[in-house]
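Dear colleague,

Please find below the structure I am handing over to you, with its sequence. My notes on what was found follow directly after it.

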Amino acid sequence: IYHAKIITMKRYKNLINNVKEYSIDYPDEQIKVQRVLDFINNHDNCFARDNWFGHFTGSAWVVDNTRTWILMTHHIQLNMWLQLGGHAEGSPNLLSVAIKEAQEESGLDNFNVLSEKIFDIDIHQIPDFESSPSHLHFDVRYILEAKHEEHKLIASDESHEIAWIKKDDVTNKNPEESIARMLKKMKKY
């Protein structure tokens, strides 16, 4: 067991370091950060979609170059407006997951990564859906930039709709605390 733990820690070293760096940038989020680190340390399959305790997801908070618009999707399963993102499917490189999901869910392919540092972390409960039991998403989010005036958006089959939402209207679409937190954090960019 000890040997397996060392292998796990080496494999996830970059993510662990990034989460620790995030905790320095956002010291008021220490409890959440510790939950993420405990999850990595105690679940070898933390990136597997079939871990029904929970699993990692990678998300993209996509802003336009004027920082006036946010690209959001109206998610079918959750029936709410959210940032783009999805399951890690075994990959510990959550920035790559966030970019891939943003591409798949928007039809856009040109994103500028504004920072490789973690932009936000959220842990939230996902309700039962079809054959999937309720579980946690350990969502690691990155900030990306795209030009919204140049390309037509194409919603994926996971979305009712995808749209650029004016920054001032985002919390009208989704008033959750994590959305307001990302709006506040994007002021640094």
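Asp-122 is buried, with a relative accessible area of 11%. The coordinates come from a predicted model, and this residue is a convenient place to begin reading it. Asp-122 belongs to strand 6, which covers residues 120–126.

**Surroundings of Asp-122**

Leaving aside residues up to four places away in sequence, Asp-122 touches Lys-32, His-137, Phe-138, Asp-139, Arg-141, Ser-178 and Arg-181. Two of these neighbours deserve separate mention. With Arg-141, Asp-122 forms a salt bridge in which the closest N and O atoms are 3.7 Å apart. Because Asp-122 sits in strand 6 and Arg-141 in strand 7 (residues 135–145), the pair ties together parts that are 19 residues apart in sequence. Arg-141 is buried as well, at 2% relative accessibility. With Arg-181, the side chain of Asp-122 makes a polar contact, side chain to side chain, at 3.1 Å.

**From Arg-181 to the network**

Arg-181 also takes part in a salt bridge with Glu-177, with an N to O distance of 2.8 Å between the side chains. Both residues lie in helix 6 (residues 177–185), and being 4 residues apart they are separated by about one helical turn. Their accessibility falls into opposite classes: Glu-177 is exposed, with a relative accessible area of 54%, whereas Arg-181 counts as buried at 12%. Salt bridges that share partners join these residues into one network, made up of Glu-29, Lys-32, Asp-120, Asp-122, Asp-139, Arg-141, Glu-177, Arg-181 and Lys-185.

**Salt bridges elsewhere**

How many salt bridges does a search of the whole structure find? The total is 15. One of them joins the side chains of Glu-21 and Lys-117, at 3.4 Å from N to O. This pair links distant parts of the chain, with the two positions 96 residues apart: Glu-21 is in helix 2 (residues 13–25), and Lys-117 is in the loop between strand 5 (112–113) and strand 6. Glu-21 counts as partly exposed at 35% relative accessibility, and Lys-117 is likewise partly exposed, with a relative accessible area of 35%.

**Helix 2**

The helix that carries Glu-21 has 13 residues. From its first C-alpha to its last, helix 2 reaches 18 Å, close to the 18 Å expected at 1.5 Å a residue. Which residues of helix 2 are buried? They are Leu-15, Ile-16, Val-19, Tyr-22 and Ser-23. Seen down the helix axis, these buried residues fall within an arc of 120°, so they line one face of helix 2. The face turned away from that buried side carries the exposed residues Asn-14 and Ile-24.

**Confidence**

The mean pLDDT of the protein is 91, and 93% of its residues reach 70 or more. Confidence is highest in strand 5, at 98, and lowest in helix 1 (residues 2–11), at a mean of 54. Over residues 1–5 the pLDDT is below 50, and this stretch has 2 contacts in the model beyond near neighbours in sequence. Where pLDDT is low, predicted coordinates should not be read in detail.

With kind regards

Key: Residues are numbered from 1 along each chain as its sequence is written. This is a predicted model: local features need pLDDT of at least 70, side-chain atom pairs count only at pLDDT 80 or more; totals for chains, interfaces and linings use all residues. Side-chain values use heavy atoms; hydrogens and water are left out. A polar contact is a pair of N or O atoms within 3.5 Å; within protein, one must be able to donate a hydrogen and the other to accept it, and residues adjacent in sequence count only if both atoms are side-chain atoms. Contact means heavy atoms within 4.5 Å. A salt bridge is a side-chain nitrogen of Lys or Arg within 4 Å of a carboxyl oxygen of Asp or Glu. Buried means under 20% relative accessible area, exposed over 50%, partly exposed in between (1.4 Å probe, protein chains only). The expected span of a helix is 1.5 Å times one less than its number of residues. The arc is that of the directions from the helix axis to the C-beta atoms. pLDDT is the predictor's confidence in each residue, from 0 to 100.
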